[in-house]
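Ready for a few short exercises? Have a look at the structure, try each task yourself, then read through the worked solution.

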Amino acid sequence: MLAVTADDLRTAGPVAVLANPVAGRGRHRALLPRVLDGLAAAGRPVELLTAHDPAGAEEACRTAVAAGASALVAVGGDGTVHRALQAVAGTAVPFAPVPVGTGNDFAADAGFPTDPLAAVAVIAAALRAGRTHPVDLARMTGGDGTDRWYGAVLAAGFDAIVNERANRMRWPRGPRRYDLAILVELARLRPRRYTLRLDGVGHEVDAVLVAVGNGSRYGGGMRICPAADLTDGLLDVVVGGRFDRRTLIRVKPRIYAGTHVTHPLASSFRARTVELAAEGITTYADGERSLDLPVRISAVPRAVRLLR
């Protein structure tokens, strides 16, 4: 793989741009030409990547990085960021998100402006200066040896189960499908037995919610792991124990402020490595369907260089 350093930014290959045209339900689609112009103002050639589905987007990013791209920029939400991270994680190729999705949690935790064009200005300034800021990523390994990276949060409880049901549903379309999935899974809510190993120390817990955060946020601003820090070399684990339906409904709004962790049924941990197992759970990382449990998750310090 060809990789560049920050010092090479002024002389190396193009800035590769992955853009999701349906991010944020397409409301920012008209901004793309201005985004590309703003990046080009840094004095680097800009290459817009072509992809027709998430797998194709990931492959396009890998191909661009292998071909010598000097940087990779993801224009979209957390799903687009997630695809791009698979290509740049562990390399010296700098990365930046332009937040135009319904959820922009990694970009927010990483300190990028919420306004897309303001974020582009920050990225362009970093490109001109050859400036990068390293942050951590989480690397997870499935039972079959598959590796995936994520930047924000891995959901492995109620929220992952809701996402899985919503993805199976054919009706209704749009956000109402997710709302209906929540109602169905609330009716079926029950604690599940999880096995956790935190830096080798085992725990057995009955829980309805388990989240492993490299960052603090998921779901468009919910601070599920409020103490998480992208630069501390640690993963934050938040466990919501034996919540019944009524209690979960009352507590869930508190996640936006991060105060849910003070509830007596909530527990928080920190570790460099987390091994997580439970029956019948498919995880969601950065909001994207990911690996089935069991998984091993490791904090990887300075795994990606951000252009800011």
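**Exercise 1.** Find the residue just after helix 5 that takes a positive phi, and then look at what caps the N-terminal end of the helix.

*Solution.* Keep in mind that you're working with a predicted model. Start just past helix 5: G130 sits there with a positive phi of about 65°. Now go to the N-terminal end, where D115 does the capping. One of the side-chain oxygens of D115 lies 3.2 Å from the backbone nitrogen of L117.

**Exercise 2.** Work out how the buried residues of helix 5 are arranged around its axis.

*Solution.* First, get the helix itself: residues 116–129 make up helix 5, and it spans 20 Å from first C-alpha to last, close to the expected 20 Å. Next, list what's buried: P116, A119, V120, I123, A124, A126 and L127. Now peer down the axis: these buried residues fall within an arc of 160°, so they line one face of the helix. Last, check what covers them; the cover includes strand 1 (15–19), helix 1 (32–40), strand 3 (71–76) and strand 4 (95–99).

**Exercise 3.** Which strands pair with strand 5, and in what sense?

*Solution.* Take strand 16 (residues 295–306) to begin with: nine bridges join it to strand 5 (residues 133–142), and the two run antiparallel. One pair to spot is H133 with L306. Then try strand 6 (residues 147–150), which pairs with strand 5 over four bridges, also antiparallel. Here T141 stands opposite D147. Finally, look at the link: strands 5 and 6 form a hairpin with four residues between them, and G145 in the turn has a positive phi of about 90°.

Terms used: Residues numbered from 1 in each chain as written. Predicted model: local features only at pLDDT ≥ 70, side-chain atom pairs only at ≥ 80, totals over all residues. Heavy atoms only, no water. Expected span 1.5 Å × (residues − 1). Buried < 20%, exposed > 50% of the residue type's maximum accessible area, 1.4 Å probe, protein only. Arc of directions from axis to C-beta. Contact = heavy atoms within 4.5 Å. Polar contact = N/O pair within 3.5 Å; in protein donor to acceptor, adjacent residues only side chain to side chain. Pairing = 2+ DSSP bridges.
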